[in-house]
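Reader: I'd like to practise reading burial and contacts from a model. Could you take me through a case?

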Amino acid sequence: MAYRIAIASTDGIVVNQHFGHAERFHIIELDAETGNYSFTGTREVERVCQGHYHNDSSFDKIIEVLSDVHAVLVAKIGQGASQQLECRGLTVYEAPFPIEPLIEKIKSDKLWEVDKWRYPTKN
């Protein structure tokens, strides 16, 4: 099974973007059988947070852009946005840390198995 993770990062090294401020997501694909993973590309999105208000159409577009993704790594995310992502079958990890150790943690804990149980419609 391919487990895809969208990472909100400006540099591809550290998870350093708030979900609402992210203009791109780096996509990692992890092979659940072998534990190997690779960077598969970057997806550009329109920021959800536009100053003091949220653009709902931008949120819907992000959901569309990430429709094949299983989990999202962000530095910070509001409760409402997190709930909307989870309702659509995505797992949200708020983890403002370097990406490599986070991927290793996901691998060692086999979090794709937890996500399959939590969100059976996405997997």
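Author: Let's go through a helix, a histidine and the cysteines in turn. Keep in mind that this is a predicted model.

Reader: Let's start with the helix. Which residues of α1 are buried?

Author: Buried means under 20% relative accessible area. In α1, which spans residues 56-65, that picks out Ser58, Phe59, Ile62 and Ile63. These four lie on the same side of α1, because they cover an arc of only 145 degrees around the axis.

Reader: And what do the buried residues of α1 pack against?

Author: Two elements: β2 (24-31) and α2 (79-87).

Reader: Let's stay with β2, then. Is His26 buried or exposed?

Author: His26 sits in strand β2. Its relative accessibility is 11%, so it counts as buried.

Reader: Which polar partners does the side chain of His26 have? I'm after Ser9 and Thr42.

Author: For polar contacts, look at N and O atoms within 3.5 Å. The His26 side chain comes to 3.0 Å from the backbone oxygen of Ser9, and it makes a side-chain to side-chain polar contact with Thr42 at 3.1 Å. If you skip neighbours within four places in sequence, the contacts of His26 include Ile5, Ile7, Asp11 and Phe39.

Reader: Last up, the cysteines. How many disulfides does the structure hold?

Author: For a disulfide, you'd want two cysteine sulfur atoms within 2.5 Å. Here the number is 0.

Reader: Are Cys49 and Cys87 buried or exposed?

Author: Cys49 is buried, at 11% relative accessible area. Cys87 has 73% relative accessibility, so it counts as exposed.

Definitions and conventions
Residues numbered from 1 in each chain as written. Predicted model: local features only at pLDDT ≥ 70, side-chain atom pairs only at ≥ 80, totals over all residues. Heavy atoms only, no water. Buried < 20%, exposed > 50% of the residue type's maximum accessible area, 1.4 Å probe, protein only. Arc of directions from axis to C-beta. Contact = heavy atoms within 4.5 Å. Polar contact = N/O pair within 3.5 Å; in protein donor to acceptor, adjacent residues only side chain to side chain.
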